[in-house]
Amino acid sequence: MSIKEKMHSGDLYLPMDEEIFKEQLECLDKLYDFNNTRPTELKKRATMLKNMFCEIGDNCYVEPPLHTNWGGKHVHFGKNIYANFNLTLVDDTHIYVGDYTMFGPNVTIATAGHPILPCLREKGYQYNAPVKIGKNCWIGAGAVIVPGITIGDNVVIGAGSVVTKDIPSNVVAVGNPCKILREVNEHDKEYYFKNRKIDI
């Protein structure tokens with residue numbers, strides 16, 4: 001199995017392999033250029049993201065600075081996704097995000113992990129596990145999603161949460177470790193925030 005295949009298989013591998021490091025640096029050059037665009041260069045940013053990401057749908061907005069290990073090369077975004085500043089995508093393997101999902105500032109999605117056994121970390125070994133986030137989710141500010149996690153559709157992840165287990169669809173989940181607080185319910189059809197009624 002090649003190093004590139006190991007990156008996406010969950011097997012242990014050495015990420016400083018010369019072949020993949022050269023390719024990674026080329027991706028990071030594109031990311032550098034994206035992060036140095038001007039606020040008025042919206043069309044340019046959209047074009048750059050299509051060149052950087054594995055897939056990205058229409059009407060996506062990513063606020064610089066964006067931080068990624070591979071410049072988005074292994075990132076799959078649906079349409080109408082919004083990401084506030086300092087989104088960190090540790091995209092050593094694939095990250096999938098469904099349509100209409102929103103990210104607050106300072107969210108981290110990590111696909112890369114390192115063995116617990118110290119002698120393996122000493123040698124620099126790494127493994128990767130994909131992350132999947134469904135449609136119409138809201139990932140609150142400062143949330144962290146660790147490797148191998150799947151989050152369903154219509155989920156709200158509270159600010160500062162650390163998601164260490166899969167989250168099913170149609171729930172609000174919060175905390176460290178992140179746990180289901182409640183289901184999305186009838187109350188949410190009437191109130192959008194505390195005692196504020198939906199009047200639109």
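**Salt bridges, a parallel sheet and unusual backbone geometry**

In this predicted model, a salt bridge joins the side chains of K4 and E23, with 2.7 Å from N to O. K4 belongs to helix α1 (residues 3-7) and E23 to helix α2 (residues 18-35), so the contact ties together parts that are 19 residues apart in sequence. The two partners differ in their exposure to solvent. K4 has a relative accessibility of 35% and therefore counts as partly exposed, whereas E23, at 17%, counts as buried, because the limit for a buried residue is under 20%. The pair also belongs to a wider arrangement, since K4, E23 and K73 are linked in a network of salt bridges.

Across the whole structure, a search finds seven salt bridges. Side chains of opposite charge can pair when their charged atoms come close. One of the seven connects D58 with K50, whose closest N and O atoms are 3.9 Å apart. That separation satisfies the criterion because a salt bridge requires the nitrogen and the carboxyl oxygen to lie within 4 Å. K50 is partly exposed, at 47% relative accessibility. A further salt bridge brings together the side chains of D188 and R182, at 2.8 Å from N to O. Here D188 counts as partly exposed at 23% relative accessibility, and R182 counts as partly exposed at 33%.

Attention now turns to the strands. Five of them form an open sheet with parallel pairing, in the order β3-β6-β9-β14-β17. The edges are occupied by β3 (66-68) and β17 (162-163); each has a single partner strand, so one side of each is left without a neighbour in the sheet. Strands of a sheet pair through backbone hydrogen bonds, either parallel or antiparallel. At the β17 edge, the partner is strand β14 (residues 144-145), and the two pair in the parallel sense over two bridges. Within this pairing, V144 has V162 of β17 as its bridge partner.

A nonpolar patch on the surface is made by Y192, F193, I198 and I200, and its area is about 530 Å². Y192 is part of strand β20 (residues 191-193). With a relative accessibility of 55%, Y192 counts as exposed, because the class of exposed residues begins over 50%.

The backbone itself deserves inspection at several positions. Most residues other than glycine have a negative phi, and most peptide bonds are trans. Two peptide bonds that precede a proline are cis: the one from P64 to P65 has omega near 0°, and the one from N176 to P177 likewise has omega near 0°. P65 is found in the loop between β2 (61-62) and β3, the latter being an edge strand of the open sheet. P177 is placed in the loop between β18 (171-174) and β19 (179-183).

Two asparagines have a positive phi although neither is a glycine: N86, at about 65°, and N136, at about 60°. N86 sits in the loop between β5 (82-83) and β6 (87-90), and β6 is itself a member of the five-stranded sheet. N136 occupies the loop between β12 (131-133) and β13 (138-139). Both residues are partly exposed, N86 with a relative accessible area of 22% and N136 with 45%.

Conventions. Residues are numbered from 1 along each chain as its sequence is written. This is a predicted model: local features need pLDDT of at least 70, side-chain atom pairs count only at pLDDT 80 or more; totals for chains, interfaces and linings use all residues. Side-chain values use heavy atoms; hydrogens and water are left out. Helices (H or I, at least four residues) and strands (E, at least two) are DSSP runs, numbered from the N terminus. Buried means under 20% relative accessible area, exposed over 50%, partly exposed in between (1.4 Å probe, protein chains only). Two strands pair if DSSP finds at least two bridges between them. Patches are made of residues with over 30% relative accessible area and no salt bridge: like charges are joined within 9 Å, nonpolar side chains (Val, Leu, Ile, Met, Phe, Trp, Tyr) within 5 Å. Accessible areas come from the Shrake-Rupley method with a 1.4 Å probe; for residues, only the protein chains shown count as cover.
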